[in-house]
Amino acid sequence: LGAKIVDFSAWEMPLQYSKGITYEHMAVRKSVGLFDISHMGRLFVFGKDAEVFLDYISTNKIFGKKDYVATYTIWASEHGGVVDDVLIYRRSSQDFFIVVNAGNRQKDFEHLLKEASKFNVKIKDRYDEDGILAVQGPKSYDLLMELYPEVEDLKYMRFLDLSYKGESIVLSRTGYTGNRGYEFYASNVLIR
């Protein structure tokens, strides 16, 4: 499609397409855009202490939140610096997944493993198995309503478990481009 490709954390990232960045920006600001953001990391934390553990390592409150809520937070280092900013998605007190920045994926995974040693949790990196697509812009809602009427009542920082062609997917409303934004999380079987 004529994209200018750059290296981004070992991914070939389309930086912009032949019509230019202004055209792409306006398409998302006035209509809808689709972005492959599979370079982001997706980590799963589950087990008896998952909620307590994630509350312990996060600067924002994780403990006691409702199920199917996403929380934007910072992970602090032992010296008070920032490890990364992340989104933590809660299915239940024992079942979470986390979206981390691409450039910090390995560092974040190692941070979780190190900090988890005192807790009854399991951690799984789904980076190689999963993909993420972002649908952003003021017409994103209309487009997604055609595919999934369940999106009608989906509030900001919430998510749903759905299916597509017999495969499990997650649809979240956690985009932060300044317009209504959604993300699809799914196995690479569906994304690729």
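**Figure 1. Arg90 stands opposite Phe96 in strand E7.** The view is taken from a predicted model. E6 and E7 run antiparallel and are joined by five bridges. The connection from E6 to E7 is a hairpin of two residues. Strand E7 covers residues 95-100, and five of its six residues are buried, so this strand is largely enclosed by the rest of the structure. On the E4 side, six bridges join E7 to E4, again in the antiparallel sense. Within that pairing, Leu43 is placed opposite Ile98 in E7.

**Figure 2. Five strands form an open sheet in the order E5-E6-E7-E4-E8.** The pairing in this sheet is antiparallel. E5 and strand E8 (122-125) are the edge strands, each pairing on one side only. From one strand to the next the twist averages 25°. At the E8 edge, strand E4 (residues 41-46) is joined to E8 by four bridges, and the two run antiparallel. One residue pair in this region is Phe46 with Lys122, its bridge partner in E8.

**Figure 3. A salt bridge joins Glu51 and Arg90.** The closest N and O atoms of the two residues are 2.4 Å apart. Glu51 belongs to helix H2 and Arg90 to strand E6, so that the pair links distant parts of the chain, 39 residues apart. Are the two partners buried or exposed? Glu51 counts as buried because its relative accessibility is 10%, under the 20% limit. Arg90 also counts as buried, at 9% relative accessibility. The salt bridge is one of eight counted in the model.

**Figure 4. Arg91 makes a side-chain polar contact with Asp161.** The contact between the two side chains spans 2.8 Å. Arg91 is located in strand E6 (residues 82-92), and with a relative accessible area of 16% this arginine is buried. Which residues does Arg91 touch, leaving aside its neighbours within four places in sequence? They are Arg42, Phe44, Asp67, Tyr68, Phe97, Phe159, Asp161 and Val170. Tyr68, one of these contacts, is shown again in Figure 6.

**Figure 5. Arg42, Arg126 and Asp130 are linked in a network of salt bridges.** In the pair formed by Arg126 and Asp130, the closest N and O atoms are 2.6 Å apart. Arg126 has a relative accessible area of 24% and is partly exposed, whereas Asp130 is buried, with a value of 5%. A further salt bridge in this view is that of Glu129 with Lys124, where the closest N and O atoms are 3.1 Å apart. Glu129 is partly exposed, at a relative accessible area of 28%. Lys124 likewise counts as partly exposed, with 34% relative accessibility.

**Figure 6. Tyr68 and Met157 have positive phi values.** Most residues other than glycine have a negative phi. For Tyr68 the angle is near 65°, and for Met157 it is also near 65°. Where in the chain does Tyr68 lie? Its place is the loop between helix H2 (50-57) and strand E5 (69-76). Met157 is found in the loop between helix H4 (140-147) and strand E10 (159-164). The two residues are also described by their accessibility: Tyr68 counts as partly exposed at 30%, while Met157 counts as buried at 13%. Met157 falls in the buried class because its value is under 20%.

**Figure 7. E10 and strand E11 (residues 167-172) pair in the antiparallel sense.** Six bridges make up this pairing. Leu160 is placed opposite Leu171 in E11. The hairpin of E10 and E11 has two residues between the strands. Which residue of this hairpin takes a positive phi? Lys165 does, with a value near 50°. Asp161, whose side chain is in polar contact with that of Arg91, can be located from Figure 4.

Definitions and conventions
Residues numbered from 1 in each chain as written. Predicted model: local features only at pLDDT ≥ 70, side-chain atom pairs only at ≥ 80, totals over all residues. Heavy atoms only, no water. Buried < 20%, exposed > 50% of the residue type's maximum accessible area, 1.4 Å probe, protein only. Pairing = 2+ DSSP bridges. Axes fitted to C-alpha atoms, helices over the stretch in contact; angles between N-to-C directions. Polar contact = N/O pair within 3.5 Å; in protein donor to acceptor, adjacent residues only side chain to side chain. Contact = heavy atoms within 4.5 Å. Salt bridge = Lys/Arg side-chain N within 4 Å of Asp/Glu carboxyl O.
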